[in-house]
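Dear colleague,

Please find below the structure that I am handing over to you. My account of what was found in it follows.

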Amino acid sequence: MTLAPLNSADLTVRGLTTTFDTGRGVAVAAADVDIDVAPGEVVGLVGESGSGKSVTLRSIMRLIREPGKVTGRVEWGGRNLVAMGDEELRSLRGNEIAMIFQEPMTALNPVLPIGLQIEESLVSHTTMTRRERRERALELLTLVGIPDAKRRLHEYPHQFSGGMRQRAMIAIALACSPKLLLADEPTTALDVTIQDQILKLLLELRDRLAMSMILVTHDLGVVAGTCDRMAVMYAGRIVETGGVIDVFGKPHHPYTRGLLGSVPHGRAVRTMLASIDGTPPSLTALPEGCAFHPRCSYATDICRSRRPPLEEVARGRRAACFHHEQVAALETVL
């Protein structure tokens, strides 16, 4: 199904599919993913571990290597990144589109000072002198809130705390003032205080730099406080999209409803949290029909035999469920 693009969408993804050849067969890590990101918009990509969120971001950036294969269209500035040549792609990565990787301790080079790692992008994409690059690196570390930034430029990743390493990763991503930032769980493993600081920083930078963002997370609290729209992924496919307030208020997919039901809320004391029975399917042996049907209490024969299309269920809302009306009619989850 072809979805109508947003007006003046910065990024348009259509039919993005990523597969890996394995000893057990072909693993479909992402299938027919459609995403639009408007200028200055923050889109949350939500789902449990293994649902295809990080693979989708890496596929957009063409960071998937053999035995992986990426097909579909990723349109940015009238260009299709999937079909783009390596040389042109290198000029775009880190310049127009940047990425914050999930674990800064493994993404950062342990034997290079932080300042030099920030300057690497500037060497590739600008004509700055060495002095100008150093001034820009100092400006970026100050911008992301690292104290005593001049001294910190010469320090190594292991000398930074977890929160400061994450801030350094953000500084590297912002070196060339990208128009689109892909953030892969930028607050994973951080305590809630540092997490809040990082998220507020990203939103401040979004406003200051007029930057769009795709934020990958499994934390619905992060989505509620950060994102404008959200897309829920399950077994490599997007199963529901819409504005954050709309999806939280009235989910149309049982998986979305299950995720929301597992979040603590303040309506009652000692209320049992809901859970989703079963486990996610193997990506090399997805069930027939809807991939969620073995875990779904609404599943019927049609769910077991046909895959539901991602289609419009309300204005600005899409869901891939044959029984979305029944799901939406239930009491508000949160």
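**Findings**

The buried residues of helix α4 pack against α5 (130–143), α6 (149–152) and α7 (162–173). Helix α4 covers residues 114–125, and its buried residues are I114, G115, Q117, I118, E119, S121 and L122. As general background, an α-helix has 3.6 residues a turn, so residues three or four places apart point the same way.

Please note that this is a predicted model.

As to the overall architecture, the protein contains 13 helices and 12 strands. Its radius of gyration is 21 Å, close to the 20 Å given by the globule rule for 334 residues, so the protein is as compact as a globular protein of that length. The C-alpha trace spans about 65 × 50 × 40 Å along its principal axes. Of the 334 residues, 51% count as buried. The exposed surface of the protein amounts to about 15,900 Å², and carbon and sulfur atoms supply 51% of that area. Among contacts between residues at least 6 apart in sequence, 64% join residues at least 24 apart.

I turn next to the sheet. It is an open sheet of 8 strands with mixed pairing, in the order β6-β7-β8-β3-β9-β10-β12-β11. Its edge strands, β6 (97–100) and β11 (311–314), each pair on one side only. On average, neighbouring strands of this sheet are turned by 25° against each other, direction ignored. Within it, β7 (residues 180–184) and β8 (residues 212–217) pair in the parallel sense over 5 bridges. A183 stands opposite L215 in β8.

Two helices may be described together with these strands. Helix α1 (residues 53–60) lies across β3 (42–46), β6, β7, β8 and β9 (229–234), and runs at about 150° to β8. Helix α11 (residues 254–261) lies across β3, β9 and β10 (237–243), and runs at about 105° to β9.

One residue of α1 deserves a separate word. Is S59, which is found in helix α1, buried or exposed? S59 has a relative accessible area of 0%; the cut-off for a buried residue is under 20%, so S59 counts as buried. Its side chain makes a polar contact with the side chain of T18, at 2.6 Å. Leaving aside residues up to four places away in sequence, S59 touches L16, T18, I64 and V70.

With kind regards

Conventions. Residues are numbered from 1 along each chain as its sequence is written. This is a predicted model: local features need pLDDT of at least 70, side-chain atom pairs count only at pLDDT 80 or more; totals for chains, interfaces and linings use all residues. Side-chain values use heavy atoms; hydrogens and water are left out. Two strands pair if DSSP finds at least two bridges between them. Helices (H or I, at least four residues) and strands (E, at least two) are DSSP runs, numbered from the N terminus. Axes are lines fitted to C-alpha atoms, for helices over the stretch in contact, and angles run from 0 to 180 degrees between N-to-C directions. Contact means heavy atoms within 4.5 Å. Buried means under 20% relative accessible area, exposed over 50%, partly exposed in between (1.4 Å probe, protein chains only). The radius of gyration is taken over C-alpha atoms; the globule rule is 2.2 Å times the number of residues to the power 0.38. Accessible areas come from the Shrake-Rupley method with a 1.4 Å probe; for residues, only the protein chains shown count as cover. A polar contact is a pair of N or O atoms within 3.5 Å; within protein, one must be able to donate a hydrogen and the other to accept it, and residues adjacent in sequence count only if both atoms are side-chain atoms.
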